[in-house]
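Visitor: I am new to this structure and would be grateful for a guided introduction. May we look at it together, one question at a time?

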Amino acid sequence: MKEEQNLITKLKGEMALSAEESTELDALLDSSSSIGNVIRDLPHEEPNLVWRSQLNEKLSVLAEKPKRRIGLWKWASGVVVVGAASLAVWSVVNTRTPVIATTNTTIADSTNFEDQLMQSHVESAAAMDVSSAYALDVVSSKETSYTGEEEWSTSDLESL
Amino acid sequence: MEYQRPRIALGLLMAVALAPMAMGQHGPRGPQGPAGAGPKGRAFQEVLDRLPAPVKLMFARFGKQRYSGQRVVEFRLDGERYKNIENLIVDGLRSRIEFAAGSSWYGQVIVDNRNRRTHFFPDRNEIFVGVSPRDESIMRLRQFLQSSANGRLKVTTDNGPDIVGRKTTLLQVADPNGNPVQRVWIENTTGIQLKREIFDRAGSKIGAFEFTRLNLDPKISDEDFVINRRGAKVVDSQDRLRAAAREAGITPIALTQDSGALLQNSRAVKIGDRNVLTQTYILEGRRLTLFQFKGNIDMKRLARQEKGLIKTYRWEQGGYSLVLVGEMMPDRLAQLAKFAK
């Protein structure tokens with residue numbers, strides 16, 4: 001009975017219960033003792049301001065964790081998006097490897113000696129195929145562009 | 001593909017023209033002509049048999065047409081683009097080409113009279129005398145058709161647009177991935193090439209021509225095939241070789257005539273910081289380029305550039321590096337290298 005009175009005192013004083021007391025309280029509630037009436041008779045009070053303040057602080061602390069999770073998710077989703085985009089680009093590049101590799105090689109290597117030798121052969125062969133002239137005297141033609149003014153020399157005119 | 005059925009007269013004409021081919025005999029142009037026999041000749045013929053009449057006509061009538069006209073020619077060389085407007089008179093194996101105003105080579109005149117070429121350069125009053133190129137360009141198309149027989153190239157045809165008011169057939173040669181190598185638009189009733197485009201491996205157009213005028217009934221005189229310029233200096237391919245070698249500061253090494261290769265053109269070219277002597281030969285309808293320079297070369301890198309039919313062979317001689325490039329197998333190039341003197 002004494003223990004029951006202690007419990008009632010603690011409950012009324014909103015004091016913390018030990019593990020044993022909590023077990024005892026549960027047993028008393030189940031045994032339909034007078035303690036149930038006591039609890040019902042307890043004054044219905046709003047939680048005091050100290051308790052509410054402590055609760056708010058705990059809630060505010062707990063509330064920051066979800067925010068951190070949201071930030072982490074944003075960062076993670078960004079990584080996922082970038083990764084997916086990279087994967088997509090890689091997939092496209094990988095499926096077209098022969099064409100793109102050839103093009104890149106040609107562009108990147110266009111200044112090296114060996115590639116320019118080959119390009120020179122390809123271009124001159126093409127030029128000869130489409131042009132009537134195979135004596136491709138390019139340098140001479142560019143340096144001394146003909147104007148037509150010297151088509152006839154004095155000796156030519158005299159011979160007419 | 002859709003194709004208009006040729007007229008009966010055209011069919012009869014072709015039957016006569018192609019008869020020697022079908023019989024495995026050489027045409028009037030000799031063993032290097034379009035009618036060559038042997039496995040390659042048969043492969044060519046099998047592909048040709050599946051192609052429409054204008055394509056057959058192009059091969060059969062090449063070097064036998066008679067026309068005059070004008071065409072615009074564009075090509076790229078040593079990183080520069082050139083454009084010429086050529087006025088042509090063609091009478092079988094004879095032709096005259098004048099480079100009109102607006103051309104990169106304005107004023108030059110070329111006359112081909114059967115085997116002999118005369119090329120007048122007015123800027124230095126010089127006449128180049130050499131061998132007429134005749135059928136190299138058609139031989140390249142023939143090689144493409146041969147290569148299509150084993151799947152290395154794809155040949156397709158289609159109806160082309162009207163060019164200078166004439167119906168055309170498009171012949172396209174592409175690599176196995178469908179990248180165009182050459183396109184030729186052929187006049188349907190004569191087989192004349194009215195337009196041609198050549199592409200490099202990067203897909204860039206590096207050479208093209210297109211007719212802007214065509215007269216299939218021209219008045220032609222024997223005088224059209226003569227260049228008679230008093231006081232002009234006459235030079236040949238060996239003179240041009242020596243001049244180019246002097247310009248490059250190189251003692252020239254060239255393929256001898258015993259090789260069968262004919263020297264067509266020589267140029268001094270600056271590639272990077274090196275002086276390079278470039279010689280272009282023609283052999284069996286294929287173009288060969290011989291590069292001569294000081295210093296070494298990365299053959300692995302050069303080999304990586306070997307695509308399709310083009311192969312290379314490199315050797316050292318007289319203190320120079322020499323590289324022979326052409327549409328031939330490396331062992332054939334190695335044989336030719338033995339004729340370098």
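Visitor: Which residues of strand 15 of chain B point the other way from B:R286, B:L288, B:L290 and B:Q292?
Guide: Please note that this is a predicted model. In strand 15 of chain B, B:R286, B:L288, B:L290 and B:Q292 point one way, and the residues on both sides are all buried. Those that point the other way are B:R287, B:T289, B:F291 and B:F293.

Visitor: How many residues of strand 15 of chain B are buried?
Guide: A residue counts as buried when its relative accessible area is under 20%. Strand 15 of chain B covers residues 286-293 and is largely enclosed by the rest of the structure, because the number of its residues that are buried is 8 of the 8.

Visitor: Which strands of chain B pair with strand 15 of chain B?
Guide: On one hand, an antiparallel pairing over 7 bridges joins strand 15 to strand 14, residues 274-283; there B:I282 stands opposite B:R287. On the other hand, an antiparallel pairing over 6 bridges involves residues 320-326, where B:G326 stands opposite B:L288. The partners are therefore strand 14 and strand 17 of chain B.

Visitor: Which residue takes a positive phi in the hairpin of strand 14 and strand 15 of chain B?
Guide: This hairpin has 2 residues between the strands. One residue in the hairpin has a phi near 50°, and that residue is B:E284.

Visitor: With which residue does the side chain of B:E284 meet in a salt bridge?
Guide: B:E284 is partly exposed, at 33% relative accessible area, and its partner is partly exposed as well, at 26%. The N to O distance in the salt bridge is 2.9 Å, and the partner of B:E284 is B:R332. B:E284 lies in the loop between strand 14 and strand 15 and its partner in helix 7, residues 330-337, so the salt bridge ties together parts 48 residues apart in sequence; the partner is B:R332.

Visitor: Which residue of chain A meets B:R287 in a salt bridge?
Guide: Side chains of opposite charge can pair when their charged atoms come close. Here the N to O distance is 3.3 Å. B:R287 also belongs to a network of salt bridges with shared partners, which includes B:R140, B:R196 and B:E327. The residue of chain A that meets B:R287 is A:D129.

Visitor: How many salt bridges are there between chain B and chain A?
Guide: The two chains touch through 68 residues of chain B and 42 residues of chain A. They bury about 4900 Å² between them, 58% of it on carbon and sulfur atoms. Between the chains there are also 7 residue pairs in polar contact, while the count of salt bridges is 4.

Visitor: How far apart are the end C-alpha atoms of helix 4 of chain B?
Guide: Helix 4 covers residues 136-149, and 13 of its 14 residues are buried, so the helix is largely enclosed by the rest of the structure. At 1.5 Å a residue, its 14 residues should span 20 Å, which agrees with the distance between the end C-alpha atoms, 20 Å.

Visitor: With which residue does B:D239 form a salt bridge?
Guide: B:D239 is partly exposed, at 27%, and its partner is partly exposed, at 43%. The two are 3 residues apart in helix 5, residues 237-248 of chain B, which means that about one helical turn separates them. The closest N and O atoms are 2.7 Å apart, and the partner is B:R242.

Terms used: Residues numbered from 1 in each chain as written. Chains lettered and ligands numbered in written order. Predicted model: local features only at pLDDT ≥ 70, side-chain atom pairs only at ≥ 80, totals over all residues. Heavy atoms only, no water. Buried < 20%, exposed > 50% of the residue type's maximum accessible area, 1.4 Å probe, protein only. Helix = DSSP H or I, 4+ residues; strand = E, 2+ residues; numbered from the N terminus. Pairing = 2+ DSSP bridges. Expected span 1.5 Å × (residues − 1). Contact = heavy atoms within 4.5 Å. Buried area = accessible area lost by both parts, 1.4 Å probe. Polar contact = N/O pair within 3.5 Å; in protein donor to acceptor, adjacent residues only side chain to side chain.
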